[in-house]
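User: Please take a close look at the sheet in this model and at what surrounds it, and take your time over the answer.

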Amino acid sequence: MEPQGEKPGEAEGLRITPQLLKSRSGEFALESILLLRLRGLGLADLGCLGECLGLEWLDLSGNVLTQLGPLASLSQLAVLNVANNRLTGLEPLAACENLQSLNASGNLLATPSQLQCLTGLRGLECLRLRDPLARLSNPLCASPSYPAVVRELLPGLKVVDGERVTGRGSEFYQLCRDLDSSLRPSSSPGPGTTEAQPWVQPGYWESQPPRSSSILEEACRQFQDTLQECHDLDRQAEDSLAQAEQALSSAGTASSFVF
C-alpha cells in the first residue's frame, strides 16, 4: 500500500515548534526530552526537532513528512518510527549512530540504493519497510529479490519486516519461507506428480482369525484345576468349622447340669 495522497488543505502541513514539543513531552527544556510520540499530527516540517539532543525514542508515523533533515543531529536516537509518510530518502539517518530500530514502512523508497545510507549504522538490528497487517509498504518491496538484497546490504540486521533473519528463532522463519516456496505453483515444467502410495500392505487393517496355542490351552487347564482345588479346600474348611461349633455347643449343654 502506498502512502495516502494529499487531502485538500493538507499540502503544507504543520511545523514542529518548541511549544509543541514541550506540551507533548511535559519537559521544559528540549534537551531533556527522551521520548516523543508525534503520530498522526499532519506534520510536514520537523522544525526544531533537531534540538532535542537527548532524544532516544521517536514516533513520527502517520504524518506527511518528505525529508528527515533535522534528525541528523540526534546521535542518541535508538528507536525511530517514520511509517506512513512520504519519504523518498533516509540519508539524514546516517548520522544517528545509535539507531537500533527503524520502521519506514508506507513511504516512497523505490530502490535498495536508498538504504545505502544505513550501512554505517553498526547498531541497527531491526528494520521494517513493509507491514502487511497495516497494509504499508514501499515500492522497492515489490521486487522478489527484496529480502535477499536487504540482508546482503545490511548483514547486521537481526529482524526484517518483523521476521527474525539471524540468531535464535531465524530457523523457524526460514522454514516457513521454504514451505511457501515449495507450495507455490511453479511455471517451469517439472517431473510429473508421483501417485500417492498406501502406507501399509493390503489387508493390514482386516481382522485376523484367532490362532490356537498349546501354551495358552495348557495355562487355562492349569488354572481350572487350581480353581477346583480352591473350591474343595473351601468346602473342607466349612465342614471343619461346623463340626467345631457343634462340639462347643455340646460341651456347653453338659456343663449346665453340674452343681
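Analyst: What follows starts with the model as a whole, moves to the sheet, and then turns to the residues and loops around the sheet.

The model is a predicted one, and its confidence is uneven along the chain. The mean pLDDT of the protein chain is 84, with 77% of its residues at 70 or more. The highest confidence in the chain belongs to β5, at 98, while the lowest is that of helix α3 (residues 170-183), at a mean of 56. Over residues 1-11 the pLDDT remains under 50, and the model has 21 contacts beyond four places in sequence for that stretch.

The protein chain contains 4 helices and 9 strands, and along the sequence these elements follow the pattern β-α-β-β-β-β-β-β-α-β-β-α-α. Of the 259 residues in the chain, 28% are buried. The exposed surface of the chain comes to about 17,400 Å², and 55% of that is supplied by carbon and sulfur atoms. When contacts between residues at least 6 apart in sequence are considered, 38% of them join residues at least 24 apart.

The sheet itself is open and consists of 7 strands, which run in the order β2-β4-β5-β6-β7-β8-β9 with mixed pairing. Its edge strands are β2 (35-37) and β9 (163-164), each of which pairs on one side only. Strands of a sheet pair through backbone hydrogen bonds, either parallel or antiparallel. In the case of β7 and strand β8 (residues 159-160), the sense is parallel and the pairing extends over 2 bridges; here Leu127 stands opposite Val160 in β8.

Strand β7 also holds Cys126, a residue that counts as partly exposed because its relative accessibility is 27%. Once neighbours within four places in sequence are set aside, the contacts of Cys126 are with Gln100, Ser101, Leu102, Leu157 and Val159. The C-alpha atom of Cys126 is also 9.2 Å from that of Gly156, although the two residues are 30 apart along the chain.

Leu102, one of the contacts of Cys126, leads from the sheet to the nonpolar core. The largest nonpolar core has 44 residues, and those touching the most other members are Leu49, Leu90, Leu102 and Leu118. Outside its neighbours within four places in sequence, Leu102 contacts Leu80, Val82, Leu90, Leu93, Leu118, Leu124, Cys126, Leu127 and Arg128. This list includes Leu90 and Leu118, both of which are also among the core residues that touch the most other members.

The cysteines deserve a separate word. A disulfide is a covalent bond between the sulfur atoms of two cysteines. The structure holds 0 disulfides, and Cys52, which is in none, has its nearest cysteine sulfur, that of Cys48, 6.5 Å away. Cys52 is classed as buried because its relative accessibility is 0%, and Cys141 is likewise buried, at 6%.

Several loops connect these strands, and two of them carry residues with an unusual sign of phi for their type to be considered here. In the loop between β5 (79-81) and β6 (101-103) lies Asn84, whose phi is near 60°, a positive value in a residue other than glycine. Asn84 is partly exposed, because its relative accessible area is 24%. Arg135, in the loop between β7 (126-128) and α2 (146-153), likewise has a positive phi of about 60° although it is not a glycine. With a relative accessibility of 63%, Arg135 counts as exposed.

The loop between β7 and α2 also holds Asp131, which is buried, with a relative accessible area of 16%. Not counting residues up to four places away in sequence, Asp131 touches Ser105 and Leu136. In the loop between β6 and β7 is Ser113, and at 53% relative accessibility this serine counts as exposed. Ser113 and Leu140 are 27 residues apart in sequence, and their C-alpha atoms are 9.8 Å apart in space.

Key
Residues are numbered from 1 along each chain as its sequence is written. This is a predicted model: local features need pLDDT of at least 70, side-chain atom pairs count only at pLDDT 80 or more; totals for chains, interfaces and linings use all residues. Side-chain values use heavy atoms; hydrogens and water are left out. Buried means under 20% relative accessible area, exposed over 50%, partly exposed in between (1.4 Å probe, protein chains only). Contact means heavy atoms within 4.5 Å. Accessible areas come from the Shrake-Rupley method with a 1.4 Å probe; for residues, only the protein chains shown count as cover. A disulfide is a pair of cysteine sulfur atoms within 2.5 Å. A nonpolar core is a set of buried Ala, Val, Leu, Ile, Met, Phe, Trp, Tyr and Cys residues joined through side-chain atoms within 4.5 Å. pLDDT is the predictor's confidence in each residue, from 0 to 100. Two strands pair if DSSP finds at least two bridges between them.
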